[in-house]
Amino acid sequence: MGDEQKHILLATDHAGFKLKNIIQEMLENELGYAVEDVGATEFDEKDDYPDFASALAKRVLETGWPGIAFCGSGIGICAVVNKYKGIIAGTGFNLKAAEAMKRDEDANVLCLAGRMVGEDYAKAIVRKWLETPFSGEERHVRRLKKIKKIEGENMV
């Protein structure tokens with residue numbers, strides 16, 4: 001890996017737009033990530049999170065890069081990205097949740113509540129999520145295999 005730049009994907013609707021921009025600045029300027037913003041790139045109070053969540057999920061699956069998604073509560077956008085086979089997303093409502101979703105579920109998408117999480121705490125959540133490795137413990141691997149089986153059985 002060496003000096004290869006780290007990549008990350010971001011997506012938001014209007015309710016997470018401000019927080020997305022703050023997190024993007026931190027990722028690029030403090031943590032050295034190359035950020036791909038899949039939208040929204042302009043504030044539009046009438047936009048819909050499913051559009052941006054779908055774009056993010058597809059890019060995560062295409063690239064293998066992690067993603068961070070934002071909406072008002074973090075829940076709506078999380079529900080959408082989790083509809084995609086191969087995505088494991090969780091709502092980062094605190095540091096322990098961010099750590100656990102990465103350590104135990106190997107989450108490839110972090111969802112944040114643009115209307116409910118303060119800027120500094122959101123930065124701490126993102127840092128915790130990014131720095132936490134997947135444990136690889138047998139019980140977690142076993143559970144992830146079960147999720148993949150469920151995904152395969154329930155495709156429409």
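This report describes the packing, helices, charged pairs and backbone features of a predicted model.

## Nonpolar cores

In soluble globular proteins, nonpolar side chains tend to be buried together. The largest nonpolar core of this model has 24 residues, and among these L27, I68, V126 and W129 touch the most other members. Two or more residues come from each of β1 (6–12), α1 (17–29), β2, β3 (67–71), α4, β5 and α5 (119–131). The greatest contribution is that of α5, which gives five residues.

V126 illustrates how this core is assembled. With residues up to four places away in sequence not counted, V126 touches I23, M26, L27, I68, L110 and L112. A second core, separate from the one above, contains 19 residues, including A40, V60, I77 and A89.

## Helix α2

Helix α2 spans residues 49–63. This helix has 15 residues, and the distance from its first C-alpha to its last is 21 Å, close to the 21 Å expected at 1.5 Å a residue. Its buried residues are F52, A53, S54, L56, A57 and V60. These buried residues pack against β1, β3, α3 (75–81) and β5. One of them, V60, also belongs to the second nonpolar core.

The residue G64 comes just after α2 and takes a positive phi of about 80 degrees.

## Salt bridges

Side chains of opposite charge can pair when their charged atoms come close. The structure holds nine salt bridges. In one of them E119 pairs with K18, and the closest N and O atoms are 3.6 Å apart. E119 belongs to helix α5 and K18 to helix α1, so this pair ties together parts that are 101 residues apart in sequence. E119 is partly exposed, at a relative accessible area of 38%, while K18 is exposed, at 59%.

A further salt bridge joins K20 and D37, with 2.4 Å between the closest N and O atoms. This pair also links distant parts of the chain, since K20 is in helix α1 and D37 in strand β2, 17 residues apart. K20 is buried, with a relative accessible area of 1%, whereas D37 counts as partly exposed at 23% relative accessibility.

The salt bridge between E131 and K128 has its closest N and O atoms 3.6 Å apart. Both residues lie in helix α5, three residues apart, which is about one turn of the helix. E131 counts as exposed, at 54% relative accessibility, and K128 is partly exposed, with a relative accessible area of 23%. Elsewhere, E36, R59 and E62 are joined into one network by salt bridges that share partners.

## Cysteines

A disulfide is a covalent bond between the sulfur atoms of two cysteines. A search of the whole structure finds zero disulfides. The cysteine sulfur closest to that of C78 is in C111, at 3.6 Å, and this is too far for a bond, because a disulfide requires sulfur atoms within 2.5 Å. For C111, the closest cysteine sulfur is in turn that of C78.

Both residues of the pair are buried: C78 has 8% relative accessibility, and C111 has a relative accessible area of 0%.

## The loop between α4 and β5

The loop between α4 (95–103) and β5 (109–113) contains D106, and D104 is found in this loop as well. D104 is buried, with a relative accessible area of 15%. Its side chain makes a polar contact of 3.2 Å with the side chain of H140. Leaving aside neighbours within four places in sequence, D104 is in contact with F134, H140 and L144.

D106 is partly exposed, with a relative accessible area of 37%. Its phi is near 55 degrees, a positive value in a residue other than glycine. Most residues other than glycine have a negative phi, and most peptide bonds are trans.

## A cis peptide bond

The peptide bond joining G39 and A40 is cis, with omega at about -5 degrees. A40 is located in the loop between β2 (33–37) and α2 (49–63). A40 is also one of the residues of the second nonpolar core.

Key
Residues are numbered from 1 along each chain as its sequence is written. This is a predicted model: local features need pLDDT of at least 70, side-chain atom pairs count only at pLDDT 80 or more; totals for chains, interfaces and linings use all residues. Side-chain values use heavy atoms; hydrogens and water are left out. Helices (H or I, at least four residues) and strands (E, at least two) are DSSP runs, numbered from the N terminus. Buried means under 20% relative accessible area, exposed over 50%, partly exposed in between (1.4 Å probe, protein chains only). A nonpolar core is a set of buried Ala, Val, Leu, Ile, Met, Phe, Trp, Tyr and Cys residues joined through side-chain atoms within 4.5 Å. Contact means heavy atoms within 4.5 Å. The expected span of a helix is 1.5 Å times one less than its number of residues. A polar contact is a pair of N or O atoms within 3.5 Å; within protein, one must be able to donate a hydrogen and the other to accept it, and residues adjacent in sequence count only if both atoms are side-chain atoms. A salt bridge is a side-chain nitrogen of Lys or Arg within 4 Å of a carboxyl oxygen of Asp or Glu.
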